[in-house]
Amino acid sequence: MSEAKDRVLDALQAALAAEHAAVYGYGVVGGRIGEERRTEARTAYDAHRARRDALAREVGDLGGRPVASAAGYALPFAVPDAAAAVRLAAELESRTAGVYSDLVRAAEGGLRATAAGALREAAVRAVRWRGGSVAFPGLAERAGTPSASATPTA
């Protein structure tokens, strides 16, 4: 494989792993979220499942073996109630946006456009969950924010 193709495949695998984690995380969100935001959580869950499935196909099309989902994922904090579920949803979206920003940098053409769309969708969902926006969604480490080094990984 060429170095460029390897970079794209690595970025695709990272995005796929992030989508696996987001699907898992939204299972937790769905169990704790209040009724008023349950439809929003279900819509996000379905979107992440669709992205996950599309990424797995893309990895396979490039000759890779799609990374498997883990049996479980460590959450960045306890999620005992609806407020924590909302914070978790925002965190899941921010992390996913960050991984898609890497895929945008690595990819070209249609895949790059698809990754940019996924980045935008994750950033918009993060804003909706958070109730406010951040500069450079998914790029905290490049925006010079102090929270970048404190952000745990899924």
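## Ala85 and its surroundings

Apart from its neighbours within four places in sequence, Ala85 touches Val29, Arg32, Ile33 and Val79. The model in which these contacts appear is a predicted one, and Ala85 itself belongs to helix α3. With a relative accessibility of 0%, Ala85 counts as buried, because the cut-off for a buried residue is a relative accessible area under 20%.

Another residue can be placed in relation to this position, although it stands well along the sequence: Trp129 is 44 residues from Ala85 along the chain, and the C-alpha atoms of the two are separated by 9.6 Å.

## The chain as a whole

A reader who steps back from this one residue will find 5 helices and 0 strands in the chain, arranged along the sequence in the pattern α-α-α-α-α. The chain has 154 residues, and buried residues make up 38% of them. Its accessible surface comes to about 8,200 Å², and carbon and sulfur atoms account for 54% of that area.

How many of the contacts between residues at least 6 apart in sequence join residues at least 24 apart? The share is 76% of such contacts in the chain.

## Helices α1 and α3

Helix α3, which holds Ala85, spans residues 82–106, and its axis comes within 9 Å of the axis of helix α1, which covers residues 3–32. The two axes cross at roughly 170°, so α1 runs roughly antiparallel to α3, given that angles over 145 degrees are counted in this way. In the contact of α1 with α3, the residues divide into 20 nonpolar, 2 polar and 5 charged.

## Salt bridges within helix α2

Side chains of opposite charge can pair when their charged atoms come close. The structure holds 10 salt bridges, and among them is the one in which the side chains of Arg42 and Asp46 meet, with a distance of 3.4 Å from N to O. Both residues lie in helix α2, which spans residues 38–61, and because they are 4 residues apart there, about one helical turn separates them. Arg42 is partly exposed at 47% relative accessibility, and Asp46 is also partly exposed, with a relative accessible area of 32%.

Asp46 forms a salt bridge with Arg49 as well, and in this pair the closest N and O atoms are 4.0 Å apart. Arg49 and Asp46 are 3 residues apart in helix α2, which is about one turn of the helix, and Arg49 is partly exposed, with a relative accessible area of 31%. Taken together, Arg42, Asp46 and Arg49 are linked in a network of salt bridges.

## A salt bridge between α2 and α4

Which residue pairs with Arg51 in a salt bridge? The partner is Glu121, whose side chain meets that of Arg51 at a distance of 2.9 Å from N to O. This pair links distant parts of the chain, since Glu121 sits in helix α4, which covers residues 109–130, while Arg51 sits in helix α2, 70 residues apart from Glu121. As for its surface, Glu121 counts as partly exposed, at 30% relative accessibility.

Technical notes:
Residues are numbered from 1 along each chain as its sequence is written. This is a predicted model: local features need pLDDT of at least 70, side-chain atom pairs count only at pLDDT 80 or more; totals for chains, interfaces and linings use all residues. Side-chain values use heavy atoms; hydrogens and water are left out. Helices (H or I, at least four residues) and strands (E, at least two) are DSSP runs, numbered from the N terminus. Buried means under 20% relative accessible area, exposed over 50%, partly exposed in between (1.4 Å probe, protein chains only). Contact means heavy atoms within 4.5 Å. Accessible areas come from the Shrake-Rupley method with a 1.4 Å probe; for residues, only the protein chains shown count as cover. Axes are lines fitted to C-alpha atoms, for helices over the stretch in contact, and angles run from 0 to 180 degrees between N-to-C directions. Angles under 35 degrees count as roughly parallel, over 145 as roughly antiparallel, 65 to 115 as roughly perpendicular and the rest as oblique. Ala, Val, Leu, Ile, Met, Phe, Trp, Tyr, Cys and Pro count as nonpolar, Asp, Glu, Lys and Arg as charged, and the others, Gly among them, as polar.
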